[in-house]
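Colleague: I have just opened this one and would like to understand the labels people use for it. Could you walk me through the reasoning?

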Amino acid sequence: MTDPTSPTTPDVDVVCVGAGFSGLYAAYKAAEQGWTFAGFETAPDVGGTWHWNTYPGARCDVESIYYSYSFSEELQQEWTWSERFAPQAEILSYINHVADRFDLRRHFRFNSRVAAARWLPDEHLWEVTLDSGETRRGRYLLAGSGGLSTPKNFDVPGLENFTGLTVSTSRWNISLDDLAGKRVAVIGTGSSGVQCIPLIAEVAEHLTVFQRTPNYVLPARNAPLSADVVDEIKSNYPAIREECWYSPGGIPDRPATDRALDVSEEERRRRYEQAYERSGFLGVGAEFSDLLTDPKANETAAEFVREKIRQTVEDPKTAALLEPRFPLGAKRSCFGTGYYETFNRPNVSLVSLRDEPITTMTSDSIIIGSDSYAVDAIVLAIGFDAFTGPLFALNVTTPEAGTLQQAWADGVRTYLGIMTAGFPNFFMIAGPQSPALASNVVVTIEQAVDWIADLIAHAKAKGGDVIEPTTEAQEDWVKITEATVNQTLYATTDSWYRGSNVTGKPTTFLGYVGGVGRYRRMCAEIGRRGYPGVRIGGQAVAPTIGRIDREIA
Ligand code: N01
């Protein structure tokens, strides 16, 4: 047990992992509070996910005007997005601009990976060890390491035999020209695969897409932002941000109040057409209130999208293979541009792995049963070890709880997706069981950093320098996240949302799906009541959060 009376002076107040959206805002916030801050970033520069994911076609599926910081009115007035869904390079330029504009780079050391972090209970400090072997001590440890930053292991049989070009979307290190005139295989048809496939098809001699589970690909309807639209947004930013903060998904998507099965088929179709035309359906619950809870209602929308696939893809056999069979939105839908149309190209073919997986590979071919596909290059778009992957990689340890891996051996357990019992002064920004998974993550990041900063300031004011959730409060939050997701179709479908994409990973749902608005109100209420369920300097305030959740409902 931590001794609450014997603090030692740290090197810095805050040690932070990562210089993406989370770490940069944490550095800004710490400076605002007058706290010393040391950030460490594996990459040579800022950007996080937008530094690494440079594959062709990479862009965000949240509109850029919302997928951006709200903390500075000057920043949002001076930055102008060029497109509705800005490409990776523009998002990275924006992050660089923020780093320069607020002089944040000086708080970080780049090319420095945090290899381990251990809690020193007698000194009330975290000691982090960098990959160089150097150590640094901070009172508080912030993980801004991202949810989708650790690529999944290359679990494709026989890959080690292949001697051609292999590249992963999440660590893209070639140019699209390197694939020109080649026979290319893309393995994986999640958001990353869906975005790069149409562009690779344009340059490859032949592209073979290896698809295990077809996903719903909704037309992004990306377009340049006109000067008028930009002006209107800039003159309304405070109201737009407010709407995002109290929305279900961190974008101005008001939850629907009527149910799909209560309206006529004609009315349903009209609404679905409308949603499809404006690139809706990503927040599927915004179209009808029962789409994410009632399988029958969902099927009406799912079948509508399947019909679009059949109308777009000329070869009926290929179209049938592309039709998803799980509920629409139960795992993250993809945003595409010309995705289904790509399968009408003469140089593109689709191989389904649904019934027969890849058997092995040779030096130049992918083998499936008795079939062999000769390829020069393989693009792996197979996803991430979401949320726990990046956190486990930090090798966070406390004498009381051991490693995070041990503490979460049977599944993730957190308090609000921000803290976890047994790991004092350790804060996860947009962590597992926060709304990050099913929301505009920038909204969740800013809210989490603000909340963490308020909590630390509150603890400092009380003279307590050790902050830790109680196990009881943590179990309340686990129950709330489980009860919330179990009312939805998210619970029915395998994906990275549930950890089921990684062999051996416990399948617990990795997010809170009650909406960013409700979560925000809950966190604010917890703050107002003196942080019930959090032990500060050894003292905890009752009641725990289950009651607050019921009260704000
Ligand atoms: O990863 P995924 P992703 N053999 O896990 C298949 C965000 N993101 O990088 O479904 C063969 O979704 C796997 O098949 P299955 C966004 O939140 C956003 O594409 O497991 N296939 C699946 O088809 C997104 O949800 C944007 O059966 C294998 C694919 O690979 C999240 O990141 C862009 C396989 C992996 O899909 C992850 O997206 C990019 C194997 N061994 C990413 N292993 C935008 O903003 C896996 N697969 C638009």
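**Strands, cysteines and helices**

Modeller: Gladly, and keep in mind that this is a predicted model. A good place to begin is strand S13, which is joined to strand S14 (residues 365-368) by two bridges, with the two running antiparallel.

Colleague: What makes S13 and S14 a pair?

Modeller: Pairing takes at least two bridges between the strands. S13 and S14 have two bridges, so they count as paired. To find the spot on screen, look for Thr360, which stands opposite Ile367 in S14.

Colleague: Which strands make up the sheet, and in what order?

Modeller: The order is S13-S14-S15, three strands in an open sheet with antiparallel pairing.

Colleague: Why are S13 and S15 said to stand at the edges?

Modeller: Strand S13 (360-361) and strand S15 (371-374) each have a single partner strand, so one side of each has no neighbour in the sheet.

Colleague: Now the cysteines. How many disulfides does the structure hold?

Modeller: Zero. Take Cys196: the nearest cysteine sulfur belongs to Cys334 and is 11 Å away. A disulfide needs two cysteine sulfur atoms within 2.5 Å, so Cys196 is in no disulfide.

Colleague: How do you know that Cys523 is not bonded to Cys244?

Modeller: The sulfur of Cys244 is the closest cysteine sulfur to that of Cys523, yet the two are 17 Å apart, which is too far for a bond.

Colleague: And why is Cys196 called buried?

Modeller: Buried means under 20% relative accessible area. Cys196 has 0%, so it counts as buried. Cys523 is buried too, with a relative accessible area of 0%.

Colleague: What about Arg550: buried or exposed?

Modeller: Exposed: its relative accessible area is 61%, and the label applies over 50%, so Arg550 qualifies. You will find Arg550 in helix H17 (residues 545-552). Arg550 and Met522 are 28 residues apart in sequence, while their C-alpha atoms are 9.8 Å apart in space.

Colleague: Last one: why is helix H8 called oblique to helix H9?

Modeller: The axes of H8 (residues 265-277) and H9 (residues 295-312) cross at roughly 55° and come within 11 Å. Roughly parallel would need an angle under 35 degrees, and roughly perpendicular starts at 65. The angle fits neither, so H8 is oblique to H9. The crossing is right-handed.

Colleague: Which residues make that contact?

Modeller: On H8, they are Arg268, Arg269, Tyr272, Glu273 and Tyr276. H9 contributes Ala297, Thr300, Ala301, Phe304, Glu307 and Lys308.

Notes
Residues are numbered from 1 along each chain as its sequence is written. This is a predicted model: local features need pLDDT of at least 70, side-chain atom pairs count only at pLDDT 80 or more; totals for chains, interfaces and linings use all residues. Side-chain values use heavy atoms; hydrogens and water are left out. Buried means under 20% relative accessible area, exposed over 50%, partly exposed in between (1.4 Å probe, protein chains only). Helices (H or I, at least four residues) and strands (E, at least two) are DSSP runs, numbered from the N terminus. Axes are lines fitted to C-alpha atoms, for helices over the stretch in contact, and angles run from 0 to 180 degrees between N-to-C directions. Angles under 35 degrees count as roughly parallel, over 145 as roughly antiparallel, 65 to 115 as roughly perpendicular and the rest as oblique. A crossing is left-handed if the near helix is turned anticlockwise from the far one by less than a right angle, and right-handed if clockwise. Contact means heavy atoms within 4.5 Å.
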